[in-house]
Amino acid sequence: MKFVTGGLAAVLAIFVLAGAPGLAHHSVAAKFDESKSMTITGIVTNVDWRNPHVHVFVNVRGPKNEWVNWAVELESPIDLQESGWNRESVQPGDSVTVQGFTARNGSRQVWSNRMTLTQTGRQVLNVKPSTPPAPLAKRPTPTGPDGKPRLGALPGGVDGYWAFPSATVLVENGVKVDIRPDGLLRNPAADAAKVAPLQPWALSLYRQRQTRFLQDDPTFLNCKPPGGPRQFQQSHGFQFVEDPERQRIFVLIGSGNRNFRIIYLDGRSHVGQVGGDDDNPLYYGRAVGKWDAQSLEVDTRGFNEDFWFTNGGLPHTDQLRLVERFTRTDFDTLRYDVTITDPGAYTRPWSSGWNLRWVGGAELPAHFCQDNRP
Amino acid sequence: MRALISVLILSFVCLAGGAAVAQEGHPLKGSWIGSWEKNQAHGDDVLLVLNWDGKAISGMINPGTDNMTLKNATLDPDKWTVRFEADAKDKQGAITYVIEGKIENLAMHNRTIVGTWKSQRGSGPFRIQRQ
């Protein structure tokens, strides 16, 4: 029996995915059970090379010798391309063996840990751990004509962006908990209360999100961009575009949908930034900044409650206020410090911070969550 | 009165387009509509507006019509159970409502509170859904 054609495979793929929740770019654990391994062998029917995750559809023999179409999920095209793969590395008609994790909802989906071409034994579409580029030598912090540090690229210089955060989860300074890079605590019952000074309702909600493997995260469910400190803990980084003439800095967020946030440096107040909309809480809040010695201090208020402001699902309310300090300690290092004040969700102000690395000579990776199929 | 509340709720639903507004903060905050069945004093339809200021839950039942201000509104976050009390009046005099319920589908924007209501005039099922 010949394997199904591309058209039929696409139809089958729709049925396979229709049985799954509408997850977009997600924590692997939100969708797949990492304690349940499985192996499938079959014929590739389609390669869907799209953000946020590549899917390879594979026809596998079922118990009655019928063809059953499985969706194999892999990392993003950006990550795969950085590891040397492209959309033709695996092609329809190839026979592959996939080892990975089963879907939590029992649908015919598998997260691929290892994909091997059956005929050659060659491993394909594997991702090498991403590492920050090594700086050639320690270089001083660049400054502009006004003597202030430049947070982005130098005028006329090559582009660049900030990535490789030294921490990808918001945890209070000084707290030691066993937490995964995607924000999942390995022992939420014991450690959730240590992460931040949560009010009882916020702690219970945080635990609930953790025990559901973060699958309710609106960033993954609805492609909502990372807001608050989360925008500085994403895998695809962010970019500063400084506009001194207009006294503002644009923060281009590389892991959302190319959204941007504006930090005003012209001395305006938090109220009145949006005409006729002064009191309406906003997704990114209202940010005003000023230079304090070599650091840019940004005070942001007026957030709405439409998003998770951390990768692990710490709650916040519309009383959230962030005081962020951006310090370019040398050419290739950015220190980010944030103090969180939210009397609606936390018992006291608390702080966190991490470093980021400069990725010079490059634009932000083209990651668009909306590209994911519905 | 009952017709007015129904019109208000219908208008609210129409204006909201039937879509729940994302709300990832305190689970009670927002507008809720539903029913307290067998309520002969104030009708079967009910609208609650709830708020959280960081210290206390506040709110009102049927704002704009009956204007019953919540008192002693509590949430047990370990069980996600709620208890609301509100004073009102009807033709027979003063009433105190006691509503007890549990938040269901906590992760959903259009989560629900399901439980019971009771007052000096009677009792019945209570169910509201966040809008």
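How many salt bridges does the rule find across the interface of chain A and chain B? Three. Keep in mind that this is a predicted model.

Okay, one of those bridges first. E305(A) pairs with K29(B), and their closest N and O atoms sit 3.5 Å apart. On top of the salt bridges, 10 residue pairs are in polar contact across the interface, both partners at pLDDT 80 or more.

So who supplies chain A's side? Two helices, α5 (200-211) and α6 (218-222), each give at least two of the residues that touch chain B. The largest share is from α5(A), with six residues. As for chemistry, that side of chain A splits evenly: seven nonpolar, seven polar and seven charged.

Now the whole interface. On chain A, 21 residues are in contact with 17 residues of chain B. About 1,400 Å² is buried between the two chains, and carbon and sulfur atoms give 52% of that. In chain A, the residues losing the most area to chain B are W201(A), S204(A) and E305(A), together 37% of what that side buries. You've met E305(A) already, in the salt bridge with K29(B).

Last bit: some strands within chain A. Strand β10, residues 260-264, runs parallel to β11, residues 286-292, and two bridges join them. Within that pairing, I263(A) has A287(A) as its bridge partner. On to β12, residues 295-301: this strand pairs with β11(A) in the antiparallel sense, over seven bridges. There, V288(A) is partnered with D299(A). The hairpin of β11(A) and β12(A) has two residues between the strands, and A293(A) takes a positive phi near 55°.

That's it from me, thanks.

Technical notes: Residues numbered from 1 in each chain as written. Chains lettered and ligands numbered in written order. Predicted model: local features only at pLDDT ≥ 70, side-chain atom pairs only at ≥ 80, totals over all residues. Heavy atoms only, no water. Contact = heavy atoms within 4.5 Å. Buried area = accessible area lost by both parts, 1.4 Å probe. Salt bridge = Lys/Arg side-chain N within 4 Å of Asp/Glu carboxyl O. Polar contact = N/O pair within 3.5 Å; in protein donor to acceptor, adjacent residues only side chain to side chain. Helix = DSSP H or I, 4+ residues; strand = E, 2+ residues; numbered from the N terminus. Nonpolar A, V, L, I, M, F, W, Y, C, P; charged D, E, K, R; others polar. Pairing = 2+ DSSP bridges.
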